[in-house]
Amino acid sequence: MTIDEVVRVARSGESASIAAAALGRMKISRGKVEEALQSETAVYALNTGVGLLANVRLEADGIEQMQLNLVRSHCCGVGEPLAEDVVRAMMLIRANILAMGLSGIRPVVAERLCDLLNSGITPVVPMRGSVGASGDLAPLAHMALVLIGEGEAFFAGERRPAAECLQRSGLEPLKLQAKEGISLLNGTQAMLAIGCLQLRDLDELFQSSQIAAALTLQALRGTAAAYDERLHAARPHLGQVHSAASLRDLLEGSTRHRSSTSVQDAYCLRCVPQVHGAVWDSLRQAERVFAIELNSATDNPLLFEDDFVSGGNFHGAPLALVLDQLAIALCQLAGISERRTERLMNPSLNEGLPAFLATRPGIESGLMMAQVTSAALVAEMRVLATPASACSIPTSGNQEDFVSMGMTAALKLMQSVTHCRMVLAIEWLTATRALDFRADRSVSPLLDAARDAFRVDCPSWEGDRVLSGMMAAADAFLAKIHWPSTLKTQEVAHA
């Protein structure tokens with residue numbers, strides 16, 4: 001399964017099903033579980049308790065009750081519900097993991113997750129309560145609760161009891177059997193769902209940051225010399241080379257990017273490929289890790305032929321580290337954007353533009369306070385960049401004594417993405433307004449097309465206005481825009 005498939009099911013309602021070959025694998029592994037139930041061998045979470053209670057052997061008549069109790073007792077999430085697209089992504093990824101045939105559950109369990117997706121039933125999953133090992137236990141428990149007809153779900157635009165949602169969709173609640181409760185709970189699917197969706201949002205935001213930087217360069221009459229292909233071939237980090245090439249494409253056809261009065265531009269203009277490029281490299285590293293995790297078995301124990309093997313594939317460390325890295329990278333992207341915004345407004349640095357881009361400086365404050373908001377958001381992002389993965393705290397009677405905190409990293413990342421988008425939205429407002437003050441209309445074909453698309457949602461204005469509404473409109477534009485990968489002029493106009 002790919003990240004793009006996750007996004008399509010989560011956000012566009014694409015249907016999901018379990019392949020016939022996967023159903024066959026699951027039937028075989030389920031047969032092995034049934035055989036193990038007849039033996040005297042202790043198998044973790046099959047005929048024993050869990051966590052520190054792993055040494056408690058279960059009687060046959062308590063095995064199914066234990067699986068039900070697991071789901072109920074692990075529903076300890078608190079806070080606002082996760083967004084529906086996150087939960088849909090989580091359900092799809094969990095179904096894919098179960099379909100690998102290493103969990104030993106009945107095929108109907110994975111199929112029912114697909115049934116919920118295809119029927120538009122989305123469990124209500126509180127966003128907090130996971131320490132990221134043994135995976136995202138609390139979020140996955142709230143997801144599993146709906147499978148058994150308990151808890152709540154979003155359905156037909158309303159929050160309803162799960163039993164009602166199932167009944168209206170013609171679905172029967174599942175009665176969990178041996179191994180099935182634990183197999184629904186162990187795994188990294190909540191933090192991974194957030195990571196996949198945020199990564200695709202960040203791919204769009206990265207391109208928006210490139211365009212913002214190019215617009216600002218033009219408005220400040222900077223030089224594109226620092227984007228010379230030869231310069232970046234001499235230090236060939238992939239992201240740096242990619243960012244510089246993209247900037248050259250954006251500026252192609254412009255006569256405006258000539259040398260300014262200074263020999264070199266400030267770092268916020270000159271070092272865009274180095275800074276943005278490092279962010280792009282972080283995105284690609286996260287993409288590599290997420291792609292592996294999407295198709296990895298994170299249950300415990302796992303069944304290999306006739307062997308049940310207990311391990312720690314549910315541990316979220318690989319994800320937690322890259323989720324933290326993304327939040328740190330966003331500080332770079334937002335921080336350099338805020339510096340460009342400040343430069344556009346500062347009459348000592350903005351190449352003859354009005355102070356704070358006010359029509360009548362003094363009588364009007366222009367965009368002065370928008371830059372203050374940008375600075376405030378960047379400052380908060382620096383707090384959010386504090387790594388959660390460095391903050392393990394023991395749980396479960398010290399049996400689970402080193403955890404990943406990956407879900408915390410994921411939740412912080414969501415906030416950072418929101419803040420970063422607003423910081424870039426403020427730069428878009430500022431750069432396009434600065435260009436309005438320049439006498440010549442044309443910038444470059446691609447930048448003209450991007451600016452025209454932006455102006456549909458964010459028209460030019462005169463005089464002081466309430467800025468929060470304009471900033472929200474600019475933010476909404478960046479949230480909805482889908483930049484074409486090749487950035488052709490006609491494609492930008494219809495993006």
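**Figure 1. Strands β4 and β5 in the open sheet of the predicted model.** Strand β4, which covers residues 152-155, pairs with β5 in the antiparallel sense, and 4 bridges hold the record of that pairing. In this predicted model, Glu152 is the residue that stands opposite Pro161 of β5. The sheet to which these strands belong is open and has 3 strands in the order β2-β4-β5, with antiparallel pairing. Because β2 (122-123) and β5 (158-161) each have a single partner strand, they stand at the edges, and one side of each is left without a neighbour in the sheet.

**Figure 2. Helix α6 and the residue that follows.** Helix α6, residues 137-147, is mostly covered, with 11 of its 11 residues buried. The buried residues include Leu137, Pro139, His142, Met143 and Leu147. After α6 comes Gly149, which has a positive phi near 85°. On the other side of the helix in sequence, the loop between β3 (126-128) and α6 contains Ser134, and the peptide bond leading from Ala133 to Ser134 is cis, with omega near 10°.

**Figure 3. The largest nonpolar core and its setting between the domains.** The largest nonpolar core has 153 residues, and Leu82, Ile121, Leu184, Phe290 and Trp428 are those with the most contacts inside it. Both domain 1 (3-186) and domain 2 (193-487) give residues to this core, so it lies between them. A second, separate core has 7 residues, among them Val33, Val43, Ile63 and Ala178. When residues up to four places away in sequence are not counted, Phe290 touches Ile3, Leu192, Gly195, Cys196, Leu199, Leu319, Val322, Leu323 and Leu326.

**Figure 4. The contact of domain 1 with domain 2.** The domain assignment of the protein gives domain 1 as 3-186 and domain 2 as 193-487, and the C-alpha centres of the two lie 36 Å apart. To the contact between them, domain 1 contributes 41 residues and domain 2 contributes 42 residues. About 3,400 Å² is buried between domain 1 and domain 2, and carbon and sulfur atoms give 65% of that area. On the side of domain 1, Ile3, Leu102 and Val131 lose the most area to domain 2, and together they account for 20% of what that side buries. The rule finds 4 salt bridges across the interface of domain 1 and domain 2.

**Figure 5. A salt bridge and a cis peptide bond.** The side chains of Lys32 and Asp306 meet in a salt bridge, with a distance of 2.9 Å from N to O. A further detail is the cis peptide bond that joins Asn300 and Pro301, for which omega is about -5°. Pro301 is found in the loop between α13 (272-294) and β6 (302-304).

**Figure 6. Loop residues with a positive phi, and Leu53.** Phe356 is a residue other than glycine with a positive phi, near 55°, and its place is in the loop between α14 (317-345) and α15. With a relative accessible area of 30%, Phe356 is partly exposed. Asn398, likewise not a glycine, has a positive phi of about 70° and lies in the loop between α15 and α16 (406-437). Leu53 is found in the loop between α2 (20-37) and α3 (63-73), and its relative accessible area of 54% makes it exposed. Although Leu53 and Gln399 are 346 residues apart along the chain, their C-alpha atoms are separated by 9.5 Å.

**Figure 7. Ser246 and Ala379, two residues in helices.** Ser246 has its place in helix α11, residues 238-251, and is buried, with a relative accessible area of 9%. Leaving aside residues up to four places away in sequence, Ser246 touches Gln207 and Gln210. Ala379 has its place in helix α15, residues 368-384, and is partly exposed, with a relative accessible area of 39%. The C-alpha atoms of Ala379 and Leu199 are separated by 22 Å, and the two residues are 180 residues apart along the chain.

Key: Residues are numbered from 1 along each chain as its sequence is written. This is a predicted model: local features need pLDDT of at least 70, side-chain atom pairs count only at pLDDT 80 or more; totals for chains, interfaces and linings use all residues. Side-chain values use heavy atoms; hydrogens and water are left out. Buried means under 20% relative accessible area, exposed over 50%, partly exposed in between (1.4 Å probe, protein chains only). Two strands pair if DSSP finds at least two bridges between them. A nonpolar core is a set of buried Ala, Val, Leu, Ile, Met, Phe, Trp, Tyr and Cys residues joined through side-chain atoms within 4.5 Å. Domain bounds come from an automatic or database domain assignment. Contact means heavy atoms within 4.5 Å. Buried area is the accessible area (1.4 Å probe) that two parts lose on being put together, summed over both.
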